[in-house]
Amino acid sequence: MAKIVVIGTGNVGSGIRQAAAAQHHEVVSLNTSSQLEDGRNAIASADFIFIAIPFAAVVDLPQGWKDETRGRIVVDATNPLTADFANLTVGFSDSAGEQVAAALPGAQVVKALNAVLAPNQDPSAFPTGSIFVPVAGEESAAKSVTDLLNGLGFDAQVVGDLSCSRYLEPLAELMIHLAYMEGQGTGIALQLMRA
């Protein structure tokens, strides 16, 4: 059983919390109304910290919370989206994942779940192991996140270091485009087929 902190209580954060709690992990949810000291204590004892808030809000996290992420595995589920969700604000030579790592010095930032639509952060509506989740980060931290996500019912796979976020964030924008702009709805997900 892992100790998990989810920063964000919206659709993404709620889905992650629900999926983790269903597998009997100890989960604490934090948001902007959480007490500073409660958040520090929760983060200081967490095995995994999920960032499930808008990308631009990461820099505004309380400094005490940021300090406690040093040496901890932080799962970045953010995407650098424009206000209308139609485009990315970062790309090619940088990524939200890399900027989150810069905002949380010393944290082991791993990019994952950003290409999973918010209602599917709890994968229980799909067959177990069918939603592909690419994971990008330093090898040992990425492997730990992959193991955790596979235990939650995803098909997670390490795809490279954190710079691979530059590929994963456009993939998330494609999923958003299919779901909302092309009318496919949110009952869609990526699947990695293997021969």
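Which backbone atom does the side chain of Asn79 reach at 2.9 Å? In this predicted model, the partner is the backbone oxygen of Asn114, and the surroundings of Asn79 offer a convenient place to begin. Asn79 belongs to the loop between E4 and H4, and because its relative accessibility is 13%, under the 20% limit, it counts as buried. Setting aside neighbours within four places in sequence, Asn79 is in contact with Phe55, Asn114, Glu169 and Ala172. With Ala172 the separation along the chain is 93 residues, whereas the distance in space, from C-alpha to C-alpha, is 7.4 Å.

One of those contacts, Glu169, leads on to helix H6, where this residue lies. Is Glu169 buried or exposed? Its relative accessibility is 1%, and it therefore counts as buried. The side chain of Glu169 reaches the backbone nitrogen of Ala96 at 2.9 Å. Beyond residues up to four places away in sequence, Glu169 touches Asn79, Pro80, Leu88, Ser95, Ala96, Gly97, Lys111 and Asn114. Ser95, which appears in that list, is itself in the loop between E4 and H4 and is buried, with a relative accessible area of 0%. Not counting residues up to four places away, Ser95 touches Val90, Leu162, Ser165, Arg166 and Glu169.

The loop between E4 and H4 also holds two phenylalanines that call for a closer look at their backbone. Most residues other than glycine have a negative phi. Phe85, placed in this loop, has a positive phi of about 65° although it is not a glycine, and Phe92, placed in the loop between E4 and H4 as well, has a positive phi of about 70°. As to accessibility, Phe85 counts as partly exposed, at 48%, while Phe92, at 84%, counts as exposed.

The loop leads into helix H4, which spans residues 96-103 and in which Ala96, Gly97, Val100 and Ala103 are buried. Viewed down the axis of H4, these buried residues fall within an arc of 120°, so they line one face of the helix. What do the buried residues of H4 pack against? Their partners are helix H3 (63-68), strand E4 (73-76), strand E5 (108-111) and helix H6 (165-181).

Strand E4 contains Asp76, which is buried, with a relative accessible area of 0%. Apart from its neighbours within four places in sequence, Asp76 is in contact with Ile51, Ala96, Gly97, Val100, Val109, Val110, Lys111 and Ala112. Ala96, Gly97 and Val100 in that list are among the buried residues of H4. Asp76 and Ala112 are 36 residues apart in sequence, yet their C-alpha atoms are 6.1 Å apart in space.

Towards the start of the chain, strand E1 (residues 3-7) and strand E2 (residues 26-30) run parallel and are joined by five bridges, and the bridge partner of Ile7 in E2 is Leu30. Between these strands the chain passes through helix H1 (residues 11-22), in a β-α-β crossover that is right-handed.

The nonpolar interior can be followed next. In soluble globular proteins, nonpolar side chains tend to be buried together. The largest nonpolar core here has 27 residues, and those with the most contacts inside it are Phe50, Leu113, Val133, Val135, Val145 and Leu149. Two or more residues of this core are given by each of E1, H1, strand E3 (48-51), E4, strand E6 (132-136) and helix H5 (139-151). Which element gives the largest share of this core? The answer is H5, with five residues. Leu149, when its neighbours within four places in sequence are left aside, is in contact with Phe50, Ala112, Leu113, Val133, Val135, Phe154 and Ala156. Apart from the largest core lies another, of 22 residues, which includes Ala42, Ile53, Leu61 and Ala107.

Key: Residues numbered from 1 in each chain as written. Predicted model: local features only at pLDDT ≥ 70, side-chain atom pairs only at ≥ 80, totals over all residues. Heavy atoms only, no water. Buried < 20%, exposed > 50% of the residue type's maximum accessible area, 1.4 Å probe, protein only. Helix = DSSP H or I, 4+ residues; strand = E, 2+ residues; numbered from the N terminus. Arc of directions from axis to C-beta. Contact = heavy atoms within 4.5 Å. Polar contact = N/O pair within 3.5 Å; in protein donor to acceptor, adjacent residues only side chain to side chain. Pairing = 2+ DSSP bridges. Right-handed = clockwise from strand over helix to strand, strands pointing away. Core = buried A, V, L, I, M, F, W, Y, C linked by side-chain atoms within 4.5 Å.
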